[in-house]
Amino acid sequence: MKLIEVKNYDEMSKVAAKAIMEQIQTKPNSVLGLATGGTPIGTYQYLIADFTKNQTSYEKVITVNLDEYVGLEKDNPQSYSYYMKEQLFNHIDIPENHTYLPSAKNIDDEEAGRNYEKLIDSLGGMDLQILGIGENGHIGFNEPGTSFHSTTGIVKLTDSTREANARYFATMDEVPTHAISMGIATIMKSRKIVLLVSGVKKASVLNQLFHSDINEDLPASILKKHPNVTIIADQEALSILKENKGSVYS
Ligand SMILES: N[C@@H]1[C@@H](O)[C@H](O)[C@@H](COP(=O)(O)O)O[C@@H]1O
């Protein structure tokens, strides 16, 4: 895993946006794996600013998102589908039918995961996957304990993940209990992966990521096996890692 240290959230966003823009310049019909959550918002803002200024075109780009809540309609402001339109798609020239998110009718909809997996394969897989990380080490919505062989499917959210995401909902009861998420094996098929880590809340999990062995209790630890992972982390996220003398980091 290559580590790029940056000063703060803004710099992380700028460096991540640059990596995405380079990918599109090199391969205009790239398949981008995109993420939601608070972390990539700044990255998307830099992409929009670049589009406005330099007209970098997304006409041939295809996007596949990592995950979506089960039970929220696409026009629900808390859905990831709505988020992606608001934060990125409505502001660039990507055709709507080039943007995919997984979606499941209900928590028993096993077909939905299989179909999304087939879709990703038919697109030739992701060229570049953007990832955030949960405070418990989840990637996508793959919670601790998820098999490294998992493919896209319905996942039950842990209480800690529901609590971490409750800030976007009026009450805790409104936070969905399940999501549909790309599996860990699905994410690992991406040719390149960029993991974004910002803020003091992520310092502990980033420290664990560098020090732990590869195990299913820390889903992100699988990234150590991937040949092309770049972590872009800011000073707050790096704070514990840097305190540890003699760490793998130093
Ligand atoms: N499913 C998403 C993840 O894809 C995201 O990376 C993570 C971190 O979110 P944030 O960036 O808001 O800290 O949690 C959410 O639950």
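Me: What radius of gyration would a compact globule of 250 residues have, and which value does the protein chain show?

Reply: Happy to start there. This is a predicted model. For 250 residues, a compact globule would come out near 18 Å, and the protein chain has 17 Å, so the value agrees with that expectation. Along the principal axes, the C-alpha atoms fill a box of roughly 50 × 45 × 35 Å.

Me: How many helices and strands does the protein chain contain?

Reply: You will find 8 helices and 10 strands.

Me: What share of the residues is buried?

Reply: Burial is read by counting C-beta neighbours inside 10 Å, with 20 or more needed for a residue to be buried. Here, buried residues account for 44% of the 250 in the protein chain.

Me: And how do I read the sequence range of the contacts? What percentage of them join residues at least 24 apart?

Reply: Set aside pairs that are close in sequence and look at those at least 6 apart; in the protein chain, 80% of these contacts join residues at least 24 apart.

Me: Let's turn to helix packing. At what angle do α1 and α2 pack?

Reply: Two numbers describe such a pair: the angle and the distance between axes. Helix α1 (residues 9-26) packs on helix α2 (residues 41-54) at about 55 degrees, and their axes are 8 Å apart. The two are therefore oblique to each other, and their crossing is right-handed.

Me: Which residues make that contact?

Reply: From α1 come Y9, D10, S13, K14, A16, A17, I20 and M21, while α2 supplies G42, T43, Q45, Y46, L47 and D50. By character, the residues where α1 meets α2 split into 7 nonpolar, 4 polar and 3 charged.

Me: How does the pair α7 and α8 pack, and at what angle?

Reply: Read this pair in the same order. Helix α7 (residues 203-211) meets helix α8 (residues 235-243) at an angle of about 50 degrees, with 7 Å between the axes. That makes α7 oblique to α8. The crossing of α7 and α8 is right-handed. On the α7 side the contact involves A203, S204, L206, N207 and F210, and on the α8 side E236, A237, L238, S239, I240 and L241. The contact of α7 with α8 divides into 7 nonpolar residues, 3 polar and 1 charged.

Me: Let me try a single residue. Where is Q208 found, and what does Q208 touch?

Reply: Q208 is in helix α7. Leaving out residues up to four places away in sequence, Q208 touches G137 and L218. The C-alpha atoms of Q208 and L218 are 8.3 Å apart, with their positions 10 residues apart in sequence.

Me: Is Q208 buried, exposed or partly exposed, and why?

Reply: Q208 is partly exposed, because 17 other C-beta atoms lie within 10 Å.

Me: What about E110: buried or exposed?

Reply: E110 lies in helix α4 (residues 110-122). E110 is exposed, because its count is 11 other C-beta atoms within 10 Å. Distance in sequence and distance in space are worth reading together: E110 and I154 are 44 residues apart in sequence and 7.1 Å apart in space, C-alpha to C-alpha.

Me: What is the phi of Q55, and where does Q55 lie?

Reply: Look at the sign of phi and at the residue type together. Phi of Q55 is near 55 degrees, a positive value in a residue other than glycine. Q55 sits in the loop between α2 and β3 (62-65). Q55 also counts as exposed, because 9 C-beta neighbours fall inside 10 Å.

Methods:
Residues are numbered from 1 along each chain as its sequence is written. This is a predicted model: local features need pLDDT of at least 70, side-chain atom pairs count only at pLDDT 80 or more; totals for chains, interfaces and linings use all residues. Helices (H or I, at least four residues) and strands (E, at least two) are DSSP runs, numbered from the N terminus. The radius of gyration is taken over C-alpha atoms; the globule rule is 2.2 Å times the number of residues to the power 0.38. A residue is buried if 20 or more other C-beta atoms lie within 10 Å of its own, exposed if 12 or fewer, and partly exposed in between; C-beta atoms are placed from the backbone. Two residues are in contact if their C-beta atoms, placed from the backbone, lie within 7 Å. Axes are lines fitted to C-alpha atoms, for helices over the stretch in contact, and angles run from 0 to 180 degrees between N-to-C directions. Angles under 35 degrees count as roughly parallel, over 145 as roughly antiparallel, 65 to 115 as roughly perpendicular and the rest as oblique. A crossing is left-handed if the near helix is turned anticlockwise from the far one by less than a right angle, and right-handed if clockwise. Ala, Val, Leu, Ile, Met, Phe, Trp, Tyr, Cys and Pro count as nonpolar, Asp, Glu, Lys and Arg as charged, and the others, Gly among them, as polar.
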